[in-house]
Structures are given as structure tokens and as C-alpha cells.
Amino acid sequence: MSELLQFLLSGVTVGAVYALVALGFTIIYNASDVVNFAQGEFVMLGGMITVAAYAAGAPLPLAALVAIVVTAALGVAMNKLTIEPARGAPVVSLVIITIGASIFIRGAAQLIFGKQIHTYPAFSGDDPIRILGATILPQSLWVIAGSVAVFIGLWLFFTRTLLGRAVLATSNNRLAAQLVGINTTFVMTLSFALSAGIGALAGVLVTPITMTSYDVGLAFALKGFAAAMLGGMGNPKGALVGGFLLGLLEGLTAGYISSQYKDAAAFIVILAVLFFLPQGLFGRKSTDRV
Amino acid sequence: MTPKNATLLALAILIALSPIFFPSSFYYRVGALIFVNALAVTGIVILTGWAGQISLGHAGFAGIGAYACALAPVHLGLHPALAVLLGALISAVLAWLVGRPILRLKGYYLAVASLGMGILISMVLNNERDLTRGPDGIDVPELGLRALLKDAGLDLSNGQFWYFFCGIVLILGAWLALNLRDSATGRALRALHGSEVAAKTVGMDVARLKLQAFVISAVYASISGSLLALQNKFITPDVAGFMHSVEMVTMAVLGGVGSVAGAIFGAAVLTLLPQVLTVFAEYEQLVLGLVMVLVMIFLREGVVPSILRKIRGRGE
Amino acid sequence: MTLLSIEGLGISFGGLKAVNDVSFSVKPGEIVSVIGPNGAGKTTLFNMISGVYQPGSGKVILNGEDVTAMSPHLLARRGMCRTFQNLQVFQSMTVLENTIAGYHLQESGHVLSDLLNLPASRRRAREAEAGARELLKRVGLERAAEREAGSLSYGSLKRLEIARAMALKPKVLLLDEPAAGCNAVETEEIDHLIAEIAASGVAILLVEHDMKMVMRISNHIVVLDHGEKIAEGDPASVSQNPAVIAAYLGAENAAG
């Protein structure tokens with residue numbers, strides 16, 4: 001019993017991170033139909049920049065803030081330099097561009113931060129909290145709280161603010177949004193900033209648990225994508241639920257089957273969803289216009 | 001002469017005459033590596049350039065081809081040449097199984113699914129130590145063809161043998177691809193890339209055509225992996241790694257993703273670069289990423305087709 | 001002798017009835033036109049008949065077979081082909097290749113035969129090319145055969161699309177605004193072409209805005225308004241039908 005609970009708790013922790021990455025995917029996908037393969041690099045950058053700023057003497061909260069702001073700025077730069085010039089390009093080209101950007105960021109991180117594994121202290125110490133015979137790290141609570149807070153924040157933003165509604169309108173119909181005077185270029189910029197910032201936050205929160213290095217981004221991207229697809233592409237609620245489900249699945253796989261193959265859980269999910277449930281749990285069927 | 005024959009002839013002449021300019025025998029090895037990569041990239045041209053689908057896991061198929069050559073002779077007693085075919089067969093079946101449900105969906109789903117599949121294959125190769133010896137790699141038996149040629153009176157050094165052997169396989173691969181290009185199937189692939197809905201209305205079974213392209217390109221990657229393993233007589237799971245998949249796509253994109261000649265050019269440039277510039281290893285990811293982004297934005301057809309267009313434009 | 005019959009076809013988008021309970025039929029050699037004000041549901045109806053959309057209700061019967069919601073590539077095998085209002089040509093292929101693509105069903109063999117360039121593949125490709133050149137001559141594009149399709153004028157592309165569709169030797173041809181965006185000369189060329197195709201026994205279903213052209217070449221006209229069929233008959237009777245006049249006047253008033 002306590003063993004199962006332990007696996008579930010560690011599953012929820014990583015699941016929260018996947019949910020954040022999936023939310024980042026969803027924001028950009030909704031605003032532009034672009035599937036951003038560089039989403040995982042934002043997570044890496046969040047952790048890495050915090051490491052660098054902390055090492056340079058900044059207190060941890062400031063280092064984390066710097067990481068999130070810088071990553072958001074990099075996200076905006078990526079949009080301006082790679083996505084905007086390629087507007088209207090076919091899906092294949094956009095996939096190649098975002099993969100290229102992802103490899104580029106990875107290569108740059110390797111040059112700047114080196115190949116070592118980095119980490120920094122947990123926010124509230126390392127004393128595990130006992131729950132019914134299982135334990136959870138205080139940092140895990142930070143991760144879970146972070147992802148729930150982001151979800152609530154996004155929900156408020158998209159339903160309660162004019163700007164958020166403008167973003168939603170753009171995702172429904174770009175042309176119509178332009179016609180009613182929404183600045184769709186700004187909406188794209190905002191989406192990339194939000195998405196990169198959320199990815200960086202995930203990296204900031206999880207690094208004390210999982211540690212980080214220049215090449216962790218790809219796995220996060222793939223798992224975030226698996227989570228988004230499981231929930232249904234483009235659906236924020238689906239991204240959240242998909243993230244936690246995937247994390248739980250991974251936790252249980254690691255516990256009961258093989259920790260070596262825990263990463264396989266995500267790929268099995270991707271394949272299974274594509275085979276049996278291409279619309280995902282909360283997705284809707286789409287009709288292409290001719 | 002048709003463009004197809006011109007390309008093949010130019011390729012054959014290039015392969016036959018390049019050794020005259022080799023400063024050292026080391027370049028036979030570099031040449032063989034270029035041919036092996038170019039073969040895999042030719043498969044990418046069929047899949048991405050013509051059918052308009054993208055795979056980020058093709059190194060997985062190269063891994064299957066490579067490890068088939070390492071394992072099948074030892075465990076099944078197969079001749080290495082048959083092991084190449086077995087690897088190709090397994091890759092084809094796997095591509096068919098993965099591609100069949102996914103190629104009915106939107107473009108990026110194949111990218112994600114193949115990325116996952118590639119990582120899964122590389123994970124298996126790394127983890128199943130009892131079978132694959134894990135990340136340290138495994139020995140691969142001799143193909144044995146060089147000894148046969150020697151008995152027949154043709155004495156080639158190891159480097160020379162693999163240079164010409166891979167060169168011939170590449171010409172064969174290019175010939176098949178160019179045949180396909182101007183056939184009903186190739187035309188249909190390029191058509192569905194242009195407009196899927198129009199392709200359907202003229203009776204093209206779009207999902208089936210994409211699947212054919214995916215399977216064929218998987219076989220190209222698999223044979224490329226087999227050739228790499230056989231000439232090195234040693235292989236590590238890196239052959240199936242994500243970066244190898246990215247290299248394949250970048251080579252295709254650089255040369256021109258719709259052109260077989262471009263594929264070979266792209267493979268040559270990106271294979272030579274790390275050999276000539278030793279510092280390249282450190283900057284590899286940076287450069288590959290930059291190439292992908294820049295070519296896609298500024299030179300979407302790739303280097304070779306853009307140059308050809310310039311030349312033709314001037315000729316008219 | 002009905003070739004294509006549409007029985008009570010309907011579809012809704014988000015609760016809104018775009019097309020509701022539309023029925024009519026087309027005989028071989030007949031030109032049937034579907035007209036109606038903008039937004040009447042003409043293209044939606046076309047998309048349902050040609051298998052691009054799945055109808056919410058009703059049936060499409062082709063040659064006695066129920067082909068409702070059948071994928072377009074299977075419809076092509078059964079002799080139905082269409083063109084598109086917003087041009088769907090294969091831009092980066094040559095004009096000739098575009099037309100040969102129309103021969104896909106006759107030309108395609110086994111993929112291995114194509115890879116190895118076996119004599120069977122070569123023979124089929126030669127036959128397709130000969131047929132395609134013949135068709136290009138018929139639509140007046142033989143001199144543009146080797147040009148990239150993307151470089152053609154709008155009117156030429158319209159004719160290219162028709163040539164490609166004719167390559168299938170269809171029994172039923174659906175033409176979605178074949179003359180839209182064409183000048184008077186081009187319209188007349190297309191006009192003749194359509195009449196010629198119909199004369200060869202092909203059933204033609206036409207959506208067209210150019211009212212003069214519709215009145216000139218149609219045997220039978222179906223009028224849609226707000227997704228419903230409001231009138232049907234020969235050109236003379238339809239043009240005098242009060243409901244039709246009201247629908248068009250209403251639309252013009254609304255537009256003005």
C-alpha cells in the first residue's frame with residue numbers, strides 16, 4: 001500500500017512537470033497551429049540559467065526570476081527569428097524549423113554551460129514529508145503547486161481578460177481576429193513568451209529533484225507532447241490531465257516494471273493514443289476546409 | 001540524355017575518379033562514410049521531399065540494420081549479407097506497423113511518433129546488455145566479399161573495398177529512387193505533397209502512398225546502418241540515437257530535400273565537415289540547428305536545386 | 001436512366017443547417033447546374049457529394065450504388081471526379097505531370113515495378129503521357145506542357161484542372177465554379193469545353209456564378225437558398241420562378 005502510494009507520489013511530481021510542458025505546447029499550438037519541438041529546451045534553459053545566476057551569487061528566488069524572464073525573452077526571439085519569417089510554410093518545414101531551433105539551443109547550452117550535470121538546493125530543504133508510510137520531498141509540493149497555479153492563472157487569463165480572449169479568438173480564426181482589429185503578430189509574441197516562461201518555470205521547479213544538463217530538453221518535449229496528445233491537442237484542461245496521467249503511468253512503470261524503461265511509458269502512450277484515440281481524451285474532431 | 005541518367009552518370013564518374021585526388025588512404029574511409037550517409041538521406045528525400053512527411057526517428061531503422069548484422073550471424077547463423085536483408089525486412093515491417101495508423105493523421109504526428117519510436121529502439125539497444133552489450137558497442141562479423149574478390153584476383157585494401165562497394169550501393173539506391181520519382185508512384189507522392197485533396201480526387205490512395213514512402217525510406221536507412229556496421233566491424237547504440245536522425249534530416253534539407261543529387265551533396269558536406277574541422281565536434285549541434293533553420297527560411301528548396309535553377313534560368 | 005442521384009442530403013455545422021434535405025438527379029450527357037446566392041450552401045453540397053465532407057443525412061447514389069461519405073479516391077475509381085473553386089493543382093509539378101496524375105488509376109502498378117523501372121511501368125507511363133498530351137491539346141495547353149504549373153495564368157490553371165479530371169475518363173464530373181476569375185474569352189473557352197465533354201456522354205454537375213453561362217449551357221438547374229432547394233427546372237422556367245427572383249433580389253438587397 002505505502003509502496004503504491006510512493007510510486008503515485010513520484011508520478012504526480014513528474015506529471016506536474018509534464019503538464020506544464022504540455023500547457024506550453026498548447027498555448028503555441030492554439031495561437032498558430034505550430035507544434036513547437038523546442039518546448040523542452042525552455043525547461044532546460046529554466047534550470048540552467050537558474051544554475052548560472054545562482055552560481056554568480058544571486059539569491060535563489062532572484063536567480064529563478066532571471067531564468068524565467070530570460071527564457072521568455074528567448075522564446076520571443078525564437079518566434080521573431082524563426083517562426084515569423086516562415087509564416088505560411090508547410091507543416092514539414094515548420095517541424096524542421098522548430099527541431100532546428102531546439103538543436104541550436106541545445107548546442108549553445110552545451111558550449112555555454114558545459115556537459116556536466118548541474119543542480120541547486122531545494123527551495124524548502126530536503127527533509128522528506130511522511131504521508132501514510134510514503135514520503136514526498138518538499139520540492140515536489142512546489143512543483144505540483146506550481147503547475148496548478150499556472151493552470152489557474154492561464155484559465156483566468158483566457159476567460160477573464162480582454163487580452164486572453166484576443167488570444168483565444170486568434171486561435172479560432174486568425175483572419176477574423178485580424179478583421180476585428182486584433183494584432184495577431186502580438187498575440188504570437190505573447191504566446192511564445194508565455195509558453196517559454198511556463199517551460200522555464202517547470203525547469204526551475206524540478207531541477208533540485210531531477211538535476212539538469214544541456215541535453216534534458218528533448219525528453220521533456222516528447223513527454224510534454226505525449227501528455228498534450230493524450231489530453232487532446234489544443235485543450236488546456238487536456239494538457240493538465242494528460243500530464244498528470246502520463247506522470248502516474250511513468251511512476252507505476254518505474255515502480256512495478258522497470259526503471260530503465262520508465263521513459264518508454266511516454267512513447268507507448270503516444271503510439272497508443274495515435275492508434276486508438278487520435279482525438280485524445282478531450283479533443284474535438286476537426287474538419288479541414290477545402 | 002534524361003536528367004536521371006545525367007545524375008547517375010555524374011555520380012558514377014565522381015565516385016570512380018575522386019580517389020585520384022585523395023591525399024591519403026584515410027579518404028577512402030571518409031568517402032565510404034559519405035556514401036553510407038547519402039544512402040540514408042536518399043530515403044529521406046523520398047519520404048520528406050516527395051511525400052512531404054517527416055520522420056525524426058529514422059536512425060532507429062539504421063540501428064535495426066546495424067544490429068541485425070551484429071546479431072543475426074552470431075545468434076541465427078545467418079551470413080552477414082542475409083543479415084542485411086533480415087534487418088531491412090524487420091525495418092520495413094516495423095515502419096509499416098507504426099506508419100499505418102499514423103499516416104492517416106496530420107503531418108506532425110509522424111514526426112512525434114517516429115521520434116518516440118527511434119528513442120525506444122535506442123533505449124532497447126542501450127539497455128538489453130545481454131544481447132547488445134549495451135552502450136559500449138558490439139563486434140560485427142566480416143562481410144567476406146573482399147576475400148572473395150582477392151581470390152578472384154582483385155586485391156583491394158579494406159578502405160578501397162568499402163569505398164567502392166558503398167559507392168556502388170549508393171548508385172543503385174539513387175537509381176531506384178530516380179526510377180521511383182518519375183513513375184506513377186513517385187508522381188503520386190509529389191502530387192499528394194502539393195495538394196492532398198486533389199490527389200484523392202484523381203483516385204490516389206493517399207494514406208497507402210505515404211505508407212509506401214515511409215516503408216521504402218526505412219529500408220534505405222536500415223541498409224545504410226548495415227553498411228556502417230559491416231565496414232566498421234563494430235557498432236554502438238549511437239547509430240540509432242536521436243542526433244543521427246537529426247543529421248539525416250539536416251543533410252537532406254541542406255542539399256535539397258526534393259532532390260537525390262542534393263541529398264548526396266548534403267551528406268558529403270556534413271560528413272566531410274567534422275573530418276576536416278576537428279573543432280566541429282564541439283559545434284556540431286549548433287551548426288546542424290542553424291543549417292536547418294536558415295535553409296528552411298532562406299533557401300527552402302536546398303542548395304543544389306537552387307543552384308540548378310539559377311543555371312537553367314541563365315540558359316534560357 | 002439516372003447516373004447520379006442525390007437523395008435528401010443535409011449537413012449541419014455547429015447546430016447550423018448549412019444544407020438541408022436537397023434532392024435531384026443527373027443523367028449521362030446532361031449538364032445540371034446548382035445556383036444560388038452566396039452562402040447558399042453550393043460548395044458544401046459539392047463537398048458532400050464528392051466525399052470531402054461526411055453528410056449528416058441523406059444519400060448519394062452513383063450508378064445504382066450507395067456511395068455516401070465514400071472517400072474521394074474510391075469515388076474516383078467509380079467514375080466521379082471534381083475540380084475545385086479555389087484551384088487545387090500540383091504547383092511544383094509540370095503541366096504535363098499534373099495531367100498525367102489524372103491517369104493515376106490506369107497508370108499505377110506495383111510499387112516494386114516502379115522502383116525497378118520494369119517494362120510494364122515504362123509502358124504504362126508512356127501511355128499515360130501520350131494520353132495527357134492529347135488532353136492538353138484538347139484544352140489548348142499543349143505548348144505549356146513542360147512549364148511548372150505554378151507559373152500558369154488563372155484561366156489556364158482552370159483548364160488544366162479540367163484536363164486532369166478528364167484524364168480519369170469520369171462518368172460524372174463535378175465542376176466547382178470553373179469560370180470564376182476568368183475573363184470573357186477564357187469563360188467562353190471553358191464554356192465550349194464543358195459542352196464538348198457533356199456531348200461525349202459525361203454527366204456534368206456545375207456550380208457557377210456566371211449566370212449567363214449557366215443559362216446558356218445547362219439542361220437543368222437546381223436553385224439553393226439558405227441550404228434548401230427552392231426551385232428546379234430548365235433554364236427558362238427557373239429564370240421566371242418568383243421564388244428564385246426573390247432569393248436573388250433579397251440577396252442583392254442585403255448586399256447593398
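## Exercises on a predicted model

In this predicted model, 35 residues of chain A are in contact with 38 residues of chain B. Let's work through that interface, then turn to chain C.

**Exercise 1.** Find which elements give two or more residues to the side of chain A that touches chain B, and describe that side by class.

*Solution.*
- Step 1: Begin with the elements. They are α4 (91-113), α9 (217-231) and α11 (264-276) of chain A.
- Step 2: Look for the largest share. α4(A) supplies it, with 16 residues.
- Step 3: Sort this side of chain A by class. There are 27 nonpolar, 6 polar and 2 charged residues.

**Exercise 2.** Work out the strand order of the open sheet in chain C, and explain why β6 and β10 of chain C each have one side without a neighbour in the sheet.

*Solution.*
- Step 1: Trace the 6 strands of chain C. Their order is β6-β7-β8-β3-β9-β10, and the pairing is mixed.
- Step 2: Go to the edges. β6 (80-82) and β10 (228-233) of chain C stand there with a single partner strand each, so one side of each has no neighbour in the sheet.
- Step 3: Add the twist, which averages 15 degrees from one strand to the next.

**Exercise 3.** Describe how β3 and β8 of chain C are joined, and locate helix α1 of chain C.

*Solution.*
- Step 1: β3 (residues 31-35) and β8 (residues 203-207) of chain C run parallel, joined by 4 bridges.
- Step 2: Pick out one residue of chain C: Ser33(C) is opposite Leu206(C) in β8(C).
- Step 3: Now place the helix. α1 (residues 42-49) of chain C lies across β3, β6, β7, β8 and β9 of chain C, at about 150 degrees to β7(C).

Technical notes:
Residues are numbered from 1 along each chain as its sequence is written. Chains are lettered from A and ligands numbered from 1 in the order in which they are written. This is a predicted model: local features need pLDDT of at least 70, side-chain atom pairs count only at pLDDT 80 or more; totals for chains, interfaces and linings use all residues. Two residues are in contact if their C-beta atoms, placed from the backbone, lie within 7 Å. Ala, Val, Leu, Ile, Met, Phe, Trp, Tyr, Cys and Pro count as nonpolar, Asp, Glu, Lys and Arg as charged, and the others, Gly among them, as polar. Two strands pair if DSSP finds at least two bridges between them. Axes are lines fitted to C-alpha atoms, for helices over the stretch in contact, and angles run from 0 to 180 degrees between N-to-C directions.
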